[in-house]
Amino acid sequence: MNTTEVLRTAMGRRRFLGIAGGVAAAGAVTAACGTAGEYEPIGPTKAPSGNAAQAAASPTAMASSDHGAMPPAGAGRPSPSGKLASIYDAALPPLDPNPNKVIVLEAKDALIEAAAGVKVNAWSFGGTVPGPVVRVRQGDTIDFTLRNRGTMGHSIDFHAAQTPWNINYKTILPNEEIHFTWKANYPGAFMYHCGTGPVLQHIANGMYGAIIVDPAEGWRPAREYVLVESEWYLTKGADGNWDGDFARMQAATPDFVVFNGAALQYQQQPLAAAPGELIRLHVVNAGPTLFSAFHTIGAIFDRVYPDGNPANVLRGMQTYTIPPGGGATFELEIPDVGQYPFVTHSFAYTGLGAVGIIDVK
Ligand SMILES: [Cu+2]
């Protein structure tokens, strides 16, 4: 499959037609294989209502529908088009061997692309959503500083830490900072987030990330990726971009459900692996509200480690539930060349952008 076909798969025919010229002009060619038909089962193909619901339910309508597309946006809703300008690097960053880690995070406002062409006035750690992946090792001491470069009060909550909430997780005002030290006693795939109220709003607007704590003895070598699942709830902003919509957050009616902050970004740029290679996925569900039913189509998880702790082992798993605020580490080996989508198997949400591809070649 060439870039044009990948985009058709990712975006749906209707949107694809609008961007094909831009792709040709850019001359980008990304190697990928398979056929568009492989993605037909993924996600709702339409956003049916009334007569449209009946039409979408008919076999004819299903057979002719877009492959793997996001449903058309309703009136006044964000409508993705084109390509994402940048891709969040899902590769697990290398481990610094120094057991004394100095970690600084800055809370700051940032313009984030939640789906192709849909820009959100987000709140962030470090200017990206999710914030930077923090990687440490069990037993490490973390010398941590949060600097508030934002426009309102923010705070930090490390799920990997044991530390007093009322002291170290307190809200600091713009231009203030807070500093504390903690020890990573448990290995795992943990969430960090802003805990300032309403926490629902601070998380949904982008203030979360993953902290991966390697076990003291280390993992065996593998191709490792970090995926943070989360939801965007949006309303049109005064500046023409999108703002967080608190009523939609409370109603749990997301516009997008995404991996690493942007809808369909790993369809646009799949995660690479080789046949038979050990793949380890550290998956954190930042929520703020929905559960993840994490699944990889065409593959079985040889091992699932709930919360990413090697002491917790499940074997031969098809789908594993990750609660909001939880994580899990998945190991799999894919024997055959091909494309293997990873999704939340909660299909009302899959079609809102929570689909990526592992490209085995
Ligand atoms: Cu905050």
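User: Over how many bridges do strand 9 and strand 14 pair?

Analyst: This is a predicted model. Strand 9 covers residues 223-232, and strand 14 covers residues 278-287. One pair of bridge partners is Val226 and His282, the latter in strand 14. The two strands run in the parallel sense, and the number of bridges is 8.

User: In what order do the strands stand in the open sheet of 6 strands?

Analyst: The pairing in this sheet is mixed. Strand 12 (256-259) and strand 17 (314-317) each have a single partner strand, so they stand at the edges. Neighbouring strands are turned by 25° against each other on average, direction ignored. The order is 12-9-14-19-16-17.

User: Which strands stand at the edges of the open sheet of 4 strands?

Analyst: The order in this sheet is 3-8-7-5, with mixed pairing. An edge strand has a single partner strand, so one of its sides is left without a neighbour in the sheet. That applies to strand 3 (134-137) and strand 5 (157-158).

User: Which residue in strand 8 is the bridge partner of Val134?

Analyst: Strand 8 spans residues 208-214. Strand 3 pairs with strand 8 in the parallel sense, over 4 bridges. The partner of Val134 is Ile211.

User: Is strand 21 mostly covered or mostly open, and how many of its residues are buried?

Analyst: Take the two faces in turn. In a regular strand the side chains alternate between the two faces of the sheet. On one side of strand 21, Val355, Ile357 and Asp359 are buried; on the other, Gly356, Ile358 and Val360 are buried too. Strand 21 is mostly covered, and the buried count is 6 of 6.

User: Which residue in strand 21 does Phe342 stand opposite?

Analyst: Strand 20 (residues 338-344) and strand 21 run antiparallel, joined by 6 bridges. Strand 13 (residues 271-273) is also joined to strand 21, by 3 bridges, and this pair runs parallel. In that parallel pair, Ala272 has Asp359 as its bridge partner. Phe342 stands opposite Gly356.

User: Is Gly353 buried or exposed?

Analyst: Gly353 lies in the loop between helix 9 (347-350) and strand 21 (355-360). The cut-off for burial is 20 or more other C-beta atoms within 10 Å. Gly353 has 28 within that distance, so Gly353 is buried.

User: How many Å apart are Gly353 and Met70, C-alpha to C-alpha?

Analyst: In sequence, 283 residues separate them. Met70 is in contact with Gly353, as are Ala115, Phe256, Val257, Val258, Ala263 and Leu264. The C-alpha to C-alpha distance is 6.6 Å.

User: What share of the contacts with a separation of 6 or more joins residues 24 or more positions apart?

Analyst: The protein has 361 residues, and 45% of them are buried. Its secondary structure comes to 9 helices and 21 strands. Residues 24 or more positions apart account for a share of 76%.

User: Where in the protein is confidence lowest?

Analyst: The average pLDDT is 85, and 81% of the residues score at least 70. Over residues 1-67 the pLDDT is below 50, although this stretch has 88 contacts in the model beyond near neighbours in sequence. Where pLDDT is low, the predicted coordinates should not be read in detail. Confidence is highest in strand 14, at 99, and lowest, at a mean of 29, in helix 2 (residues 13-26).

Conventions: Residues are numbered from 1 along each chain as its sequence is written. This is a predicted model: local features need pLDDT of at least 70, side-chain atom pairs count only at pLDDT 80 or more; totals for chains, interfaces and linings use all residues. Two strands pair if DSSP finds at least two bridges between them. A residue is buried if 20 or more other C-beta atoms lie within 10 Å of its own, exposed if 12 or fewer, and partly exposed in between; C-beta atoms are placed from the backbone. Two residues are in contact if their C-beta atoms, placed from the backbone, lie within 7 Å. Axes are lines fitted to C-alpha atoms, for helices over the stretch in contact, and angles run from 0 to 180 degrees between N-to-C directions. pLDDT is the predictor's confidence in each residue, from 0 to 100. Lists of a residue's contacts leave out its neighbours within four places in sequence.
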